[in-house]
Amino acid sequence: MSLSSGTPRPNPDDLLVLLAVGRTGRYVSAADELGLNHTTISRRIAALERALGGRVLTRGAGGWELTELGRTALGAAESIESAVKSLTGTDGEHTLEGVVRLSATDGFSAYLAAPAAAAVLRRHPRMAVEIVATTRRASLQRSGLDVEIVVGRPQVRRAEAIPLGDYILGLYGARGYLEERGTPAAIGDLARHPLVYFIDSMLQVDDLDLATGFAPNMRESVSSTNVFVHVEATRAGAGLGLLPAFMADRHPDLIRVLRDEVAVQLTYWLVARSETLRRPEVAAVVEALQDQVRLAGSALLGGGVRG
């Protein structure tokens with residue numbers, strides 16, 4: 001875009017504000033990231049739109065979305081950010097810094113996201129990774145999150161959905177429980193056993209909700225929104241637990257039953273805005289998550305946990 005001498009040039013600081021809003025879709029999140037208030041963010045965006053002669057953001061169902069002009073401006077903002085960061089590099093390498101916030105299920109958070117974050121921080125000690133443990137659908141409102149890890153293919157607009165890898169839910173019983181109550185030999189035997197799983201009325205994820213279809217007559221015993229509660233309640237003999245194999249196989253006191261009959265395969269998906277994925281810090285975290293899922297390998301599919 002050519003600018004006449006009478007046209008105000010875009011302020012680089014205003015472009016960086018647009019970059020923060022474009023990545024999160026929310027003024028409040030951008031304000032938190034930049035240490036500004038909501039009013040200042042709004043004023044900066046308005047000034048940028050006057051300088052460019054058009055709208056850079058439009059209100060959408062998932063928050064603020066970039067217009068075509070906004071996407072063009074965002075590219076310039078990314079170049080400014082990259083140039084500024086290059087000044088703090090060592091030996092020609094850019095230094096990554098800042099916070100990346102992700103949400104994931106409890107089990108993924110502990111056994112995959114946490115070691116992935118640690119790997120990133122070993123390479124980039126000026127970064128920080130915040131992990132919000134939750135089991136839900138991909139959010140229509142990004143809510144200040146850079147990355148969401150969800151179970152099942154997400155239905156999202158204006159965001160990218162990337163499959164990370166498959167994992168297996170298997171049916172497990174504690175050794176003492178099975179000795180006392182008997183080991184089920186067929187699906188029909190499961191009606192005599194209570195099930196340890198999610199609270200049905202609070203489960204938001206369709207794929208997890210459908211996972212118990214193999215035995216609709218099992219009554220619930222201990223149920224929880226937290227998968228670690230499922231594991232410990234199963235170990236304590238509350239019933240048979242429908243558990244992620246990569247978590248349950250870590251405990252020698254848990255025995256998997258009906259291995260061939262009950263093997264519910266689900267998929268972890270990564271959801272993020274394309275603008276957010278281009279942020280170097282987020283890209284580093286995504287790459288580490290993908291590496292960690294590959295490293296987990298067969299453990300996710302019930303092939304045992306690698307030491």
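Student: What share of the contacts in the protein between residues at least 6 apart in sequence join residues at least 24 apart?

Tutor: In this predicted model, 74% of those contacts join residues at least 24 apart in sequence, where a contact means heavy atoms within 4.5 Å. The protein has eleven helices and eleven strands, and its C-alpha trace spans about 85 × 45 × 30 Å along the principal axes. Of its 307 residues, 48% count as buried.

Student: Why is Arg273 called buried?

Tutor: Buried means under 20% relative accessible area, and Arg273 has 3%, so Arg273 is buried. Arg273 is found in the loop between strand 11 (263–272) and helix 10 (274–277).

Student: What makes the approach of the Arg273 side chain to the backbone oxygen of Trp64 a polar contact?

Tutor: A polar contact needs a pair of N or O atoms within 3.5 Å, one able to donate a hydrogen and the other to accept it. The side chain of Arg273 reaches the backbone oxygen of Trp64 at 3.3 Å, and this distance falls within the cut-off of 3.5 Å.

Student: Why does Asp189 count as buried?

Tutor: The relative accessible area of Asp189 is 18%, and because the limit for buried is under 20%, Asp189 is buried. Asp189 lies in the loop between helix 6 (175–181) and strand 7 (195–197), and a polar atom of its side chain lies 2.8 Å from the backbone nitrogen of Ala185.

Student: Is Thr72 buried or exposed, and how do you know?

Tutor: Exposed means over 50% relative accessible area; Thr72, at 56%, therefore counts as exposed. Thr72 is found in helix 4, and its C-alpha is 56 Å in space from that of Leu258, with the two positions 186 residues apart in sequence numbering.

Student: How do you know that the length of helix 11 agrees with the expected span?

Tutor: The expected span is 1.5 Å times one less than the number of residues, so the 17 residues of helix 11 (residues 280–296) should span 24 Å, and the end C-alpha atoms are 24 Å apart, which agrees. The buried residues of helix 11 include Val282, Val285, Val286, Leu289 and Val293, and just after the helix Gly297 takes a positive phi of about 50°.

Student: What makes the space lined by Thr105, Tyr167, Phe198, Val227 and Pro244 a cavity?

Tutor: A cavity is a set of points where a 1.4 Å probe fits but cannot get out, and by this rule the count comes to one cavity of 30 Å³ or more. About 120 Å³ of space lies in the largest cavity. The lining has 18 residues, and those named in your question lie nearest the centre. Helix 5 gives the most to this lining, with three residues, and by class the lining has 13 nonpolar, four polar and one charged residues.

Student: What is the volume of the largest pocket, and why is it called a pocket?

Tutor: The largest pocket has a volume of about 660 Å³, and the name applies because a pocket is an open set of points with protein on both sides within 12 Å along at least five of seven lines. Its lining has 25 residues, of which Glu33, Leu34, Gly98, Val99 and Arg279 lie nearest its centre. By class, eight residues of this lining are nonpolar, five are polar and twelve are charged. Helix 1 (12–24), helix 2 (27–34), helix 4 (68–86) and strand 3 (98–104) each supply at least two residues.

How values were computed. Residues numbered from 1 in each chain as written. Predicted model: local features only at pLDDT ≥ 70, side-chain atom pairs only at ≥ 80, totals over all residues. Heavy atoms only, no water. 1 Å grid on protein atoms, 1.4 Å probe; cavity = no way out; pocket = protein on both sides within 12 Å on 5 of 7 lines; lining within 4 Å. Points joined across faces, edges and corners; volume = space filled by probe spheres on them. Helix = DSSP H or I, 4+ residues; strand = E, 2+ residues; numbered from the N terminus. Nonpolar A, V, L, I, M, F, W, Y, C, P; charged D, E, K, R; others polar. Buried < 20%, exposed > 50% of the residue type's maximum accessible area, 1.4 Å probe, protein only.
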